[in-house]
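Good morning, colleagues. Today I should like to walk you through one structure, with attention to its ligand and to the spaces inside the protein.

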Amino acid sequence: MPTGGFSIAAASADLAYQAGISPDASETFGVGEVLTVCPQTNDLLDVCYDWDRVEVPASLKEFERRWGNRSNPLDFSGVWRFRELLPFAPPEQIVTIGEGQTILQTSDPVGRYVGMNPGNLFLQYEGLNPSGSFKDNGMTAASTHARMTGAKIAACASTGNTSASLAIYAGATRLFRVLVFIGSGKIAYGKLSQSLDYGARTIQIEGDFDDALAQVRRVCAEAGIYLCNSVNPFRLEGQKAIMYRVLEGLHWDVPDWIVVPGGNLGNSSAFGKAFLELRQLGLIDRIPRLAVINAHGANTLYELYEEHGLRWNAGRPDQSLIDRFYEKMTADERRAQTLASAIEINRPVNLKKCLRALEVCDGLVREVTDAEILDAKAQIGAGGFGCEPASGASVAGAKLLRAQGVIAPGDRVVCILTGHQLKDPNATVGYHAPQAEASKNPEKPAFANPPLVVANDFEKIMEVIRRFE
Ligand code: F0G
(Lines give C-alpha, C1' and ligand atoms only; values in the text may rest on other atoms or scores of the structure.)
Protein backbone atom coordinates (compact mmCIF):
# COMPACT_ATOMS: atom_id res chain seq x y z
CA MET A 1 0.00 0.00 0.00
CA PRO A 2 1.39 3.48 -0.80
CA THR A 3 2.26 5.22 2.43
CA GLY A 4 3.60 8.63 1.58
CA GLY A 5 7.22 8.20 2.50
CA PHE A 6 7.33 5.75 5.37
CA SER A 7 6.16 2.25 5.97
CA ILE A 8 2.82 1.60 7.57
CA ALA A 9 2.77 0.06 11.00
CA ALA A 10 1.93 -3.59 10.64
CA ALA A 11 -1.01 -3.07 12.95
CA SER A 12 -1.91 -6.35 14.46
CA ALA A 13 -3.58 -7.63 17.54
CA ASP A 14 -0.33 -8.44 19.31
CA LEU A 15 1.07 -4.91 19.46
CA ALA A 16 -2.12 -3.42 20.87
CA TYR A 17 -3.90 -4.49 24.02
CA GLN A 18 -6.41 -3.21 26.54
CA ALA A 19 -5.55 -2.36 30.13
CA GLY A 20 -7.43 -0.86 33.08
CA ILE A 21 -6.56 2.77 33.84
CA SER A 22 -6.12 2.08 37.54
CA PRO A 23 -2.62 1.14 38.73
CA ASP A 24 -4.36 -1.61 40.72
CA ALA A 25 -5.30 -3.38 37.49
CA SER A 26 -2.58 -5.85 36.58
CA GLU A 27 -4.29 -7.91 33.88
CA THR A 28 -4.27 -6.94 30.21
CA PHE A 29 -6.71 -8.01 27.53
CA GLY A 30 -6.39 -8.68 23.86
CA VAL A 31 -7.50 -6.12 21.34
CA GLY A 32 -10.07 -8.63 20.04
CA GLU A 33 -11.97 -8.70 23.33
CA VAL A 34 -15.16 -6.68 23.69
CA LEU A 35 -14.92 -5.05 27.10
CA THR A 36 -15.86 -1.64 28.39
CA VAL A 37 -14.64 -1.93 31.95
CA CYS A 38 -11.74 -3.70 33.56
CA PRO A 39 -13.16 -6.91 35.06
CA GLN A 40 -10.67 -6.58 37.94
CA THR A 41 -11.41 -3.03 39.07
CA ASN A 42 -14.60 -2.07 37.22
CA ASP A 43 -12.73 1.02 35.99
CA LEU A 44 -12.44 2.16 32.39
CA LEU A 45 -10.01 0.56 29.96
CA ASP A 46 -7.35 2.10 27.77
CA VAL A 47 -6.05 0.88 24.45
CA CYS A 48 -2.28 0.55 24.94
CA TYR A 49 0.49 -0.11 22.45
CA ASP A 50 3.84 -1.74 22.46
CA TRP A 51 5.38 1.38 20.93
CA ASP A 52 8.78 -0.22 20.51
CA ARG A 53 7.22 -2.36 17.79
CA VAL A 54 5.26 0.36 16.01
CA GLU A 55 6.96 2.12 13.14
CA VAL A 56 6.07 5.64 14.18
CA PRO A 57 7.65 8.30 11.96
CA ALA A 58 10.46 10.31 13.46
CA SER A 59 8.60 13.58 12.96
CA LEU A 60 4.94 14.53 12.86
CA LYS A 61 5.61 16.41 9.62
CA GLU A 62 5.75 13.03 7.88
CA PHE A 63 1.99 12.64 8.24
CA GLU A 64 1.34 15.73 6.18
CA ARG A 65 2.79 14.05 3.10
CA ARG A 66 -0.26 11.81 2.96
CA TRP A 67 -2.34 14.78 1.85
CA GLY A 68 -0.88 14.14 -1.59
CA ASN A 69 -2.28 10.62 -1.67
CA ARG A 70 -5.95 11.25 -1.25
CA SER A 71 -7.18 8.48 -3.54
CA ASN A 72 -6.23 6.05 -0.77
CA PRO A 73 -9.22 6.12 1.66
CA LEU A 74 -6.91 5.66 4.66
CA ASP A 75 -4.83 8.68 3.67
CA PHE A 76 -7.98 10.67 2.88
CA SER A 77 -9.40 10.05 6.36
CA GLY A 78 -8.41 12.73 8.88
CA VAL A 79 -8.23 9.95 11.46
CA TRP A 80 -6.46 7.09 9.67
CA ARG A 81 -3.95 9.41 8.05
CA PHE A 82 -2.40 9.17 11.54
CA ARG A 83 -2.84 5.40 11.73
CA GLU A 84 0.57 4.69 13.29
CA LEU A 85 -0.66 6.66 16.32
CA LEU A 86 -3.69 4.37 16.80
CA PRO A 87 -2.36 1.09 15.46
CA PHE A 88 -4.93 -1.35 16.80
CA ALA A 89 -6.51 -2.42 13.50
CA PRO A 90 -5.19 -4.26 10.47
CA PRO A 91 -5.58 -1.77 7.56
CA GLU A 92 -7.95 -4.05 5.64
CA GLN A 93 -10.42 -4.00 8.55
CA ILE A 94 -10.58 -0.22 8.87
CA VAL A 95 -14.03 1.31 8.41
CA THR A 96 -13.89 4.85 7.05
CA ILE A 97 -16.42 7.17 5.43
CA GLY A 98 -14.06 10.10 4.91
CA GLU A 99 -14.29 11.54 8.41
CA GLY A 100 -12.01 14.25 9.75
CA GLN A 101 -11.83 16.59 6.76
CA THR A 102 -11.67 19.43 9.24
CA ILE A 103 -9.04 22.08 9.58
CA LEU A 104 -7.92 24.60 12.12
CA GLN A 105 -8.94 28.16 11.25
CA THR A 106 -8.18 31.52 12.79
CA SER A 107 -11.04 33.85 13.61
CA ASP A 108 -10.28 37.44 14.54
CA PRO A 109 -13.97 38.40 15.02
CA VAL A 110 -14.39 35.60 17.56
CA GLY A 111 -10.92 36.36 18.94
CA ARG A 112 -11.94 39.98 19.59
CA TYR A 113 -15.03 38.76 21.44
CA VAL A 114 -12.86 36.50 23.62
CA GLY A 115 -10.30 39.26 24.16
CA MET A 116 -7.38 37.80 22.22
CA ASN A 117 -4.76 39.52 20.10
CA PRO A 118 -5.33 39.25 16.33
CA GLY A 119 -4.26 35.85 15.02
CA ASN A 120 -4.30 34.16 18.41
CA LEU A 121 -7.72 32.50 18.50
CA PHE A 122 -8.19 29.31 16.51
CA LEU A 123 -11.33 27.29 15.90
CA GLN A 124 -11.21 23.58 15.16
CA TYR A 125 -14.55 23.19 13.37
CA GLU A 126 -15.59 19.57 13.79
CA GLY A 127 -19.09 20.31 12.49
CA LEU A 128 -17.74 19.55 9.01
CA ASN A 129 -17.65 15.81 9.64
CA PRO A 130 -19.97 13.47 7.67
CA SER A 131 -22.60 13.41 10.43
CA GLY A 132 -21.93 17.01 11.47
CA SER A 133 -20.07 16.49 14.74
CA PHE A 134 -16.72 15.41 16.17
CA LYS A 135 -18.20 12.03 17.02
CA ASP A 136 -17.25 10.62 13.62
CA ASN A 137 -13.59 10.72 14.67
CA GLY A 138 -14.40 8.18 17.35
CA MET A 139 -17.06 6.23 15.52
CA THR A 140 -14.74 5.30 12.66
CA ALA A 141 -12.51 3.64 15.27
CA ALA A 142 -15.37 1.99 17.19
CA SER A 143 -16.90 0.75 13.91
CA THR A 144 -13.54 -0.70 12.96
CA HIS A 145 -13.30 -2.54 16.25
CA ALA A 146 -16.92 -3.70 15.91
CA ARG A 147 -16.00 -5.14 12.52
CA MET A 148 -12.83 -6.76 13.90
CA THR A 149 -14.89 -8.50 16.58
CA GLY A 150 -17.71 -9.55 14.26
CA ALA A 151 -20.43 -7.44 15.90
CA LYS A 152 -23.87 -7.77 14.34
CA ILE A 153 -25.67 -5.10 16.38
CA ALA A 154 -24.17 -1.91 17.83
CA ALA A 155 -25.88 0.38 20.33
CA CYS A 156 -25.41 3.66 22.14
CA ALA A 157 -27.24 6.07 24.42
CA SER A 158 -27.03 9.59 23.16
CA THR A 159 -27.90 13.22 23.52
CA GLY A 160 -28.07 13.01 19.72
CA ASN A 161 -24.67 13.24 18.09
CA THR A 162 -23.26 9.85 19.06
CA SER A 163 -26.43 8.24 17.72
CA ALA A 164 -26.31 10.24 14.48
CA SER A 165 -22.70 9.20 14.03
CA LEU A 166 -23.21 5.52 14.78
CA ALA A 167 -26.25 5.47 12.53
CA ILE A 168 -24.39 7.01 9.58
CA TYR A 169 -21.56 4.44 9.84
CA ALA A 170 -24.06 1.58 9.95
CA GLY A 171 -26.09 3.04 7.10
CA ALA A 172 -23.06 3.65 4.90
CA THR A 173 -21.31 0.35 5.52
CA ARG A 174 -24.18 -2.05 6.38
CA LEU A 175 -21.74 -3.91 8.61
CA PHE A 176 -24.11 -3.98 11.59
CA ARG A 177 -27.54 -2.81 12.70
CA VAL A 178 -27.97 -0.02 15.22
CA LEU A 179 -30.00 0.53 18.39
CA VAL A 180 -30.12 4.05 19.80
CA PHE A 181 -31.28 4.93 23.31
CA ILE A 182 -32.38 8.50 23.99
CA GLY A 183 -33.96 10.30 26.94
CA SER A 184 -37.43 11.75 26.66
CA GLY A 185 -37.58 15.21 25.09
CA LYS A 186 -33.81 15.67 25.41
CA ILE A 187 -32.63 15.53 21.84
CA ALA A 188 -32.35 18.30 19.26
CA TYR A 189 -34.42 17.56 16.17
CA GLY A 190 -31.55 17.85 13.71
CA LYS A 191 -29.86 14.94 15.51
CA LEU A 192 -32.98 12.84 16.01
CA SER A 193 -33.84 13.27 12.34
CA GLN A 194 -30.40 11.90 11.41
CA SER A 195 -30.67 8.61 13.28
CA LEU A 196 -34.22 8.07 12.01
CA ASP A 197 -33.15 8.84 8.46
CA TYR A 198 -30.04 6.64 8.58
CA GLY A 199 -32.23 3.75 9.68
CA ALA A 200 -31.30 3.27 13.35
CA ARG A 201 -33.90 1.68 15.64
CA THR A 202 -34.56 4.36 18.27
CA ILE A 203 -35.66 3.58 21.82
CA GLN A 204 -36.86 6.49 23.91
CA ILE A 205 -36.48 6.02 27.67
CA GLU A 206 -38.61 7.92 30.16
CA GLY A 207 -35.66 9.64 31.76
CA ASP A 208 -32.58 11.61 30.81
CA PHE A 209 -29.26 10.76 29.13
CA ASP A 210 -27.75 9.41 32.35
CA ASP A 211 -30.71 6.97 32.66
CA ALA A 212 -30.48 5.98 28.98
CA LEU A 213 -26.74 5.30 29.28
CA ALA A 214 -27.17 3.17 32.40
CA GLN A 215 -29.81 1.10 30.57
CA VAL A 216 -27.85 0.64 27.36
CA ARG A 217 -24.78 -0.49 29.30
CA ARG A 218 -26.88 -3.20 30.97
CA VAL A 219 -28.60 -4.19 27.73
CA CYS A 220 -25.28 -4.53 25.87
CA ALA A 221 -23.69 -6.60 28.64
CA GLU A 222 -26.75 -8.86 28.87
CA ALA A 223 -27.45 -9.29 25.15
CA GLY A 224 -23.88 -9.26 23.79
CA ILE A 225 -24.50 -6.08 21.78
CA TYR A 226 -21.51 -3.93 20.81
CA LEU A 227 -21.54 -0.68 22.86
CA CYS A 228 -20.42 2.50 21.12
CA ASN A 229 -20.56 5.09 23.89
CA SER A 230 -17.30 6.65 24.94
CA VAL A 231 -16.79 3.98 27.63
CA ASN A 232 -15.63 2.07 24.56
CA PRO A 233 -11.87 2.71 24.63
CA PHE A 234 -11.52 2.36 20.85
CA ARG A 235 -13.75 5.37 20.25
CA LEU A 236 -11.34 7.56 22.17
CA GLU A 237 -8.46 6.32 20.03
CA GLY A 238 -10.13 7.94 17.01
CA GLN A 239 -10.86 11.15 18.87
CA LYS A 240 -7.12 11.62 19.52
CA ALA A 241 -6.90 12.56 15.83
CA ILE A 242 -8.66 15.88 16.50
CA MET A 243 -5.52 16.94 18.37
CA TYR A 244 -3.24 15.66 15.61
CA ARG A 245 -5.09 17.86 13.14
CA VAL A 246 -4.90 20.84 15.49
CA LEU A 247 -1.12 20.40 15.69
CA GLU A 248 -0.94 19.96 11.93
CA GLY A 249 -2.92 23.21 11.52
CA LEU A 250 -0.26 24.95 13.64
CA HIS A 251 2.61 23.46 11.61
CA TRP A 252 3.23 21.05 14.48
CA ASP A 253 3.74 23.84 16.99
CA VAL A 254 1.99 23.14 20.28
CA PRO A 255 -0.61 25.81 21.21
CA ASP A 256 -0.90 27.25 24.72
CA TRP A 257 -4.50 26.21 25.32
CA ILE A 258 -7.05 23.70 24.14
CA VAL A 259 -10.57 24.64 25.23
CA VAL A 260 -13.28 22.00 24.92
CA PRO A 261 -16.86 21.58 26.13
CA GLY A 262 -17.27 18.78 28.68
CA GLY A 263 -20.23 16.38 28.69
CA ASN A 264 -19.45 12.71 29.07
CA LEU A 265 -15.76 13.76 29.01
CA GLY A 266 -14.69 11.46 26.18
CA ASN A 267 -13.12 14.20 24.12
CA SER A 268 -11.08 15.73 26.91
CA SER A 269 -9.93 12.24 27.93
CA ALA A 270 -8.88 11.42 24.37
CA PHE A 271 -7.01 14.72 24.03
CA GLY A 272 -5.03 14.05 27.21
CA LYS A 273 -4.10 10.56 25.99
CA ALA A 274 -3.05 11.96 22.60
CA PHE A 275 -0.63 14.43 24.18
CA LEU A 276 0.67 11.94 26.73
CA GLU A 277 1.55 9.49 23.95
CA LEU A 278 3.03 12.13 21.64
CA ARG A 279 5.33 13.23 24.45
CA GLN A 280 6.26 9.62 25.29
CA LEU A 281 7.11 9.11 21.63
CA GLY A 282 9.26 12.23 21.62
CA LEU A 283 7.10 13.81 18.89
CA ILE A 284 6.30 16.93 20.93
CA ASP A 285 8.37 18.60 23.62
CA ARG A 286 5.58 20.31 25.51
CA ILE A 287 1.91 19.80 26.24
CA PRO A 288 -0.77 22.50 25.93
CA ARG A 289 -2.99 23.38 28.86
CA LEU A 290 -6.49 21.94 28.74
CA ALA A 291 -9.62 23.82 29.78
CA VAL A 292 -12.80 21.76 30.06
CA ILE A 293 -15.97 23.83 30.06
CA ASN A 294 -19.18 22.61 31.71
CA ALA A 295 -22.61 24.14 31.36
CA HIS A 296 -23.64 25.52 34.73
CA GLY A 297 -26.67 23.19 34.79
CA ALA A 298 -24.52 20.09 34.20
CA ASN A 299 -21.37 20.90 36.13
CA THR A 300 -20.34 17.71 37.93
CA LEU A 301 -16.71 17.97 36.75
CA TYR A 302 -16.50 21.63 37.72
CA GLU A 303 -17.83 20.98 41.21
CA LEU A 304 -15.70 17.89 41.83
CA TYR A 305 -12.48 19.30 40.37
CA GLU A 306 -12.60 22.99 41.23
CA GLU A 307 -14.72 23.01 44.39
CA HIS A 308 -14.01 19.62 46.02
CA GLY A 309 -10.41 19.30 44.82
CA LEU A 310 -10.81 15.86 43.20
CA ARG A 311 -7.59 14.90 41.37
CA TRP A 312 -6.17 11.98 39.36
CA ASN A 313 -3.86 11.22 42.27
CA ALA A 314 -1.57 8.86 40.36
CA GLY A 315 -4.53 6.77 39.22
CA ARG A 316 -6.24 6.58 42.60
CA PRO A 317 -8.76 9.44 42.70
CA ASP A 318 -10.81 9.71 45.88
CA GLN A 319 -13.65 7.30 45.07
CA SER A 320 -15.51 8.05 48.32
CA LEU A 321 -15.70 11.73 47.32
CA ILE A 322 -17.18 10.74 43.96
CA ASP A 323 -19.62 8.30 45.60
CA ARG A 324 -20.78 10.88 48.16
CA PHE A 325 -21.27 13.46 45.41
CA TYR A 326 -23.47 11.12 43.37
CA GLU A 327 -25.38 9.92 46.44
CA LYS A 328 -26.25 13.52 47.26
CA MET A 329 -27.23 14.13 43.65
CA THR A 330 -29.63 11.18 43.83
CA ALA A 331 -31.02 12.26 47.22
CA ASP A 332 -31.60 15.81 45.93
CA GLU A 333 -33.17 14.38 42.74
CA ARG A 334 -30.82 16.67 40.87
CA ARG A 335 -31.13 16.45 37.09
CA ALA A 336 -28.87 18.04 34.49
CA GLN A 337 -30.48 21.10 32.93
CA THR A 338 -29.03 23.17 30.11
CA LEU A 339 -30.05 24.46 26.70
CA ALA A 340 -26.81 22.93 25.43
CA SER A 341 -28.57 19.55 25.31
CA ALA A 342 -25.48 17.75 23.97
CA ILE A 343 -23.72 18.25 27.31
CA GLU A 344 -26.76 17.86 29.56
CA ILE A 345 -25.03 15.10 31.53
CA ASN A 346 -24.62 14.83 35.30
CA ARG A 347 -22.76 11.53 35.60
CA PRO A 348 -19.91 11.71 33.08
CA VAL A 349 -18.65 8.18 32.47
CA ASN A 350 -15.12 9.27 31.57
CA LEU A 351 -14.65 11.24 34.77
CA LYS A 352 -11.49 9.42 35.84
CA LYS A 353 -9.86 9.48 32.41
CA CYS A 354 -10.61 13.18 32.26
CA LEU A 355 -8.89 13.65 35.63
CA ARG A 356 -5.83 12.02 34.07
CA ALA A 357 -6.06 14.37 31.09
CA LEU A 358 -6.30 17.38 33.42
CA GLU A 359 -3.22 16.14 35.24
CA VAL A 360 -1.24 15.56 32.03
CA CYS A 361 -2.26 18.93 30.58
CA ASP A 362 -2.05 21.07 33.74
CA GLY A 363 -5.75 21.58 33.14
CA LEU A 364 -8.63 23.41 34.72
CA VAL A 365 -12.40 23.37 34.59
CA ARG A 366 -14.87 26.23 34.30
CA GLU A 367 -18.63 26.48 34.15
CA VAL A 368 -20.61 28.92 31.98
CA THR A 369 -24.28 29.86 31.97
CA ASP A 370 -26.69 29.11 29.15
CA ALA A 371 -26.84 32.84 28.36
CA GLU A 372 -23.01 32.94 28.03
CA ILE A 373 -23.09 29.84 25.84
CA LEU A 374 -25.73 31.27 23.51
CA ASP A 375 -24.04 34.69 23.27
CA ALA A 376 -20.76 32.98 22.36
CA LYS A 377 -22.59 30.82 19.83
CA ALA A 378 -24.09 33.94 18.23
CA GLN A 379 -20.63 35.49 17.97
CA ILE A 380 -19.23 32.31 16.44
CA GLY A 381 -22.11 32.37 13.96
CA ALA A 382 -21.58 36.03 13.13
CA GLY A 383 -17.91 35.13 12.57
CA GLY A 384 -18.98 32.69 9.87
CA PHE A 385 -18.79 29.42 11.79
CA GLY A 386 -22.18 28.00 12.71
CA CYS A 387 -22.15 25.70 15.71
CA GLU A 388 -24.58 24.08 18.08
CA PRO A 389 -24.97 25.41 21.64
CA ALA A 390 -22.61 22.91 23.35
CA SER A 391 -19.78 24.08 21.09
CA GLY A 392 -20.40 27.67 22.15
CA ALA A 393 -19.31 26.61 25.64
CA SER A 394 -15.69 26.42 24.49
CA VAL A 395 -15.62 30.05 23.31
CA ALA A 396 -17.65 31.21 26.34
CA GLY A 397 -15.12 29.39 28.54
CA ALA A 398 -12.14 30.97 26.76
CA LYS A 399 -13.72 34.40 27.24
CA LEU A 400 -14.21 33.72 30.94
CA LEU A 401 -10.61 32.56 31.32
CA ARG A 402 -9.40 35.71 29.54
CA ALA A 403 -11.52 37.86 31.87
CA GLN A 404 -10.05 35.99 34.84
CA GLY A 405 -6.55 36.69 33.54
CA VAL A 406 -5.78 32.96 33.25
CA ILE A 407 -5.46 33.14 29.46
CA ALA A 408 -3.27 36.02 28.22
CA PRO A 409 -4.20 37.96 25.05
CA GLY A 410 -1.01 36.75 23.37
CA ASP A 411 -1.58 33.05 24.14
CA ARG A 412 -2.44 30.77 21.26
CA VAL A 413 -5.86 29.38 22.07
CA VAL A 414 -7.70 26.61 20.23
CA CYS A 415 -11.44 26.28 20.85
CA ILE A 416 -13.07 23.07 19.66
CA LEU A 417 -16.38 23.58 17.84
CA THR A 418 -17.84 20.15 18.38
CA GLY A 419 -21.06 20.22 16.35
CA HIS A 420 -22.67 21.90 13.36
CA GLN A 421 -25.11 24.79 13.65
CA LEU A 422 -27.89 22.88 11.85
CA LYS A 423 -28.00 20.23 14.57
CA ASP A 424 -30.21 22.39 16.76
CA PRO A 425 -31.96 25.12 14.76
CA ASN A 426 -34.56 25.61 17.52
CA ALA A 427 -31.85 26.87 19.86
CA THR A 428 -30.62 29.35 17.25
CA VAL A 429 -34.04 30.63 16.28
CA GLY A 430 -35.05 30.74 19.95
CA TYR A 431 -32.12 33.09 20.59
CA HIS A 432 -32.50 35.38 17.60
CA ALA A 433 -36.26 35.31 17.14
CA PRO A 434 -37.90 34.29 20.42
CA GLN A 435 -41.33 35.20 19.07
CA ALA A 436 -40.90 32.59 16.30
CA GLU A 437 -39.68 29.85 18.60
CA ALA A 438 -41.04 29.74 22.19
CA SER A 439 -37.78 30.74 23.89
CA LYS A 440 -36.54 28.97 27.00
CA ASN A 441 -33.80 31.51 27.43
CA PRO A 442 -34.78 33.73 30.36
CA GLU A 443 -32.18 36.46 29.73
CA LYS A 444 -32.37 39.03 26.94
CA PRO A 445 -29.98 37.91 24.22
CA ALA A 446 -27.10 40.34 23.71
CA PHE A 447 -26.58 39.61 20.00
CA ALA A 448 -30.09 38.76 18.84
CA ASN A 449 -30.65 39.26 15.11
CA PRO A 450 -34.42 38.90 14.74
CA PRO A 451 -36.17 39.04 11.39
CA LEU A 452 -37.90 42.37 10.71
CA VAL A 453 -41.59 41.87 10.16
CA VAL A 454 -42.84 44.16 7.38
CA ALA A 455 -46.20 44.48 5.65
CA ASN A 456 -46.50 43.17 2.10
CA ASP A 457 -46.10 46.74 0.86
CA PHE A 458 -43.26 48.00 -1.36
CA GLU A 459 -42.99 51.46 0.29
CA LYS A 460 -42.88 50.01 3.78
CA ILE A 461 -40.24 47.52 2.72
CA MET A 462 -38.18 50.38 1.22
CA GLU A 463 -38.48 52.33 4.48
CA VAL A 464 -36.89 49.43 6.29
CA ILE A 465 -34.17 49.10 3.63
CA ARG A 466 -33.28 52.81 3.91
CA ARG A 467 -32.92 52.50 7.68
CA PHE A 468 -30.63 49.51 7.12
CA GLU A 469 -28.34 51.63 4.91
N1 F0G B 1 -20.31 18.82 22.02
C2 F0G B 1 -21.22 18.12 21.34
C3 F0G B 1 -21.78 18.72 20.11
C4 F0G B 1 -21.61 16.84 21.78
O5 F0G B 1 -22.51 16.14 21.09
C6 F0G B 1 -21.05 16.32 22.97
C7 F0G B 1 -21.43 15.01 23.47
C8 F0G B 1 -20.10 17.10 23.63
C9 F0G B 1 -19.75 18.34 23.14
C10 F0G B 1 -19.43 16.62 24.86
O11 F0G B 1 -18.40 15.75 24.54
O12 F0G B 1 -19.06 13.82 25.94
O13 F0G B 1 -16.81 13.97 24.90
O14 F0G B 1 -17.43 15.48 26.79
N15 F0G B 1 -22.40 14.35 23.05
C16 F0G B 1 -22.72 12.97 23.44
C17 F0G B 1 -23.79 12.39 22.55
C18 F0G B 1 -22.90 12.77 24.87
O19 F0G B 1 -24.52 11.50 22.99
O20 F0G B 1 -23.87 12.78 21.40
P21 F0G B 1 -17.88 14.69 25.60
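I shall take the ligand and its surroundings before turning to the cavities and, after that, to the largest pocket.

Please bear in mind throughout that what you see is a predicted model.

Let me begin with the ligand. Which residues come closest to it? They are Thr-159, Asn-161, Gly-263, Asn-264 and Thr-418, from a shell of 20 residues around the ligand. By class, that shell holds 12 polar residues, six nonpolar residues and two charged residues.

Several polar contacts deserve mention. Two of them involve the protein backbone: a polar backbone atom of Thr-162 lies 2.8 Å from an oxygen atom of the ligand, and a backbone N or O atom of Asn-267 is likewise 2.8 Å from a ligand oxygen atom. The side chain of Thr-418 contributes as well, with an N or O atom 2.7 Å from a nitrogen atom of the ligand. As for burial, the ligand taken alone would expose 480 Å², and the protein buries 99% of that area.

Where, then, does the ligand sit? The space that the ligand takes is the largest cavity. Two elements give two or more residues to the shell around the ligand, namely helix H5, residues 161-173, and helix H9, residues 266-280.

I turn now to the cavities themselves. The count of cavities of 30 Å³ or more comes to three. The largest cavity encloses about 310 Å³ of space. Its lining comprises 28 residues, and those nearest the centre of the cavity are Phe-134, Lys-135, Gly-263, Asn-264 and Ala-342. H5, H9 and helix H8, residues 233-249, each give two or more residues to this lining. Which element gives the most? That is H9, with three residues. In terms of class, the lining of the largest cavity divides into 16 polar, nine nonpolar and three charged residues.

Finally, let us consider the largest pocket. Its volume is about 610 Å³. The pocket is lined by 27 residues, of which Arg-217, Tyr-326, Arg-347, Pro-348 and Val-349 are the closest to its centre. The elements that give two or more residues to this lining are helix H7, residues 209-223, helix H11, residues 319-331, and helix H12, residues 351-360. H11 supplies the largest share, six residues. How does the lining of the largest pocket divide by class? There are 11 nonpolar, 11 charged and five polar residues.

To close, I would recall two points: the ligand takes up the space of the largest cavity, and the protein buries 99% of the area that the ligand exposes when taken alone. Thank you for your attention.

Note on methods. Residues numbered from 1 in each chain as written. Predicted model: local features only at pLDDT ≥ 70, side-chain atom pairs only at ≥ 80, totals over all residues. Heavy atoms only, no water. Near = heavy atom within 4 Å. Polar contact = N/O pair within 3.5 Å; in protein donor to acceptor, adjacent residues only side chain to side chain. Areas by Shrake-Rupley, 256 points an atom, 1.4 Å probe, with all protein chains shown as cover. 1 Å grid on protein atoms, 1.4 Å probe; cavity = no way out; pocket = protein on both sides within 12 Å on 5 of 7 lines; lining within 4 Å. Sits in = over half its atoms within 2 Å of the grid points. Helix = DSSP H or I, 4+ residues; strand = E, 2+ residues; numbered from the N terminus. Nonpolar A, V, L, I, M, F, W, Y, C, P; charged D, E, K, R; others polar. Points joined across faces, edges and corners; volume = space filled by probe spheres on them.
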